[in-house]
Amino acid sequence: VPSPLTGSDLQDLVVYQKGVRPEYKEKSKVTFRLVGRPRYPKRTFSTTSDYLTVKSLPSGSTYYSIKDAHTEDVIIPFDEYSKVSCDSNGNYFNLWLNGLQAERFYKFEFKVVSGSGTTNETVQYFDGETFKISR
């Protein structure tokens with residue numbers, strides 16, 4: 001189970017997707033994986049890199065959105081139904097692609113809310129990968 005990102009790690013964060021293909025068939029269901037890590041991990045002297053260490057994003061306060069890559073129209077907005085989940089392999093979300101129009105390009109955007117409900121609440125936005133829906 002990946003350890004959660006906390007404290008100063010959330011202030012300067014890198015969020016990216018793993019294993020996103022450039023093209024998906026319409027009417028398919030896809031599990032997308034999301035990874036977070038501090039931009040500059042603490043320096044250590046070891047045989048493995050801390051840049052490869054996967055940590056989980058704040059559970060229940062990370063969201064995804066999908067935009068049309070050409071028109072920038074929001075197809076799926078940030079809301080309670082676009083929350084990112086977490087399992088023993090890290091953060092993920094499942095998406096049925098039958099709601100997206102074929103032969104168009106789309107791109108992901110991510111919203112990470114840390115310290116929600118406190119005076120130190122911060123909201124960060126990250127661009128994700130671009131992909132195509134094919135027939």
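**Two sheets and a core, argued from cut-offs**

Biologist: This is a predicted model. K132 lies in strand β9, residues 122–134. What makes the pair K132 and E103 a polar contact?

Modeller: The two side chains come to 3.3 Å. The cut-off is 3.5 Å between N or O atoms, one able to donate a hydrogen and the other to accept it. The value of 3.3 Å falls within that limit, so the pair counts.

Biologist: Which residues does K132 touch, beyond those up to four places away in sequence?

Modeller: P22, E23, Y24, E103, R104 and F105. Contact here means heavy atoms within 4.5 Å.

Biologist: What is the strand order of the sheet that holds β9?

Modeller: The order is β2-β9-β8-β4-β5. These 5 strands form an open sheet with mixed pairing.

Biologist: Why are β2 and β5 called edge strands?

Modeller: Strands β2 (23–25) and β5 (74–76) each pair on one side only. The twist in this sheet averages 40 degrees from one strand to the next.

Biologist: How do you know that β4 and β5 pair?

Modeller: Pairing needs at least two bridges. Strand β4, residues 62–68, is joined to β5 by 2 bridges, so the condition is met. The two strands run antiparallel. One bridge partner is V74 in β5, set against K67.

Biologist: What is the order of the sheet made of 4 strands?

Modeller: It reads β1-β3-β7-β6, an open sheet with antiparallel pairing. Strands β1 and β6 (85–87) are at the edges; each has a single partner strand, so one side of each lacks a neighbour in the sheet. Neighbouring strands are turned by 35 degrees against each other on average, direction ignored.

Biologist: How do you know that β6 and β7 pair?

Modeller: They share 3 bridges and run antiparallel. At least two are required, so they pair. C86 stands opposite N91 in β7.

Biologist: What makes a set of residues a nonpolar core, and how many are in the largest one?

Modeller: Members must be buried, of nonpolar type such as Phe or Ile, and joined through side-chain atoms within 4.5 Å. The largest core has 22 residues. F108 and I133 have the most contacts inside it. Strands β1 (13–18), β3 (29–38), β4, β7 (90–96), β8 (104–114) and β9 each supply at least two residues. The top contributor is β8, with 4.

Biologist: Which residues does F108 contact, leaving aside neighbours within four places in sequence?

Modeller: Q17, F32, S65, I66, F93, L95, D127, G128, E129 and F131.

How values were computed: Residues are numbered from 1 along each chain as its sequence is written. This is a predicted model: local features need pLDDT of at least 70, side-chain atom pairs count only at pLDDT 80 or more; totals for chains, interfaces and linings use all residues. Side-chain values use heavy atoms; hydrogens and water are left out. Axes are lines fitted to C-alpha atoms, for helices over the stretch in contact, and angles run from 0 to 180 degrees between N-to-C directions. Buried means under 20% relative accessible area, exposed over 50%, partly exposed in between (1.4 Å probe, protein chains only).
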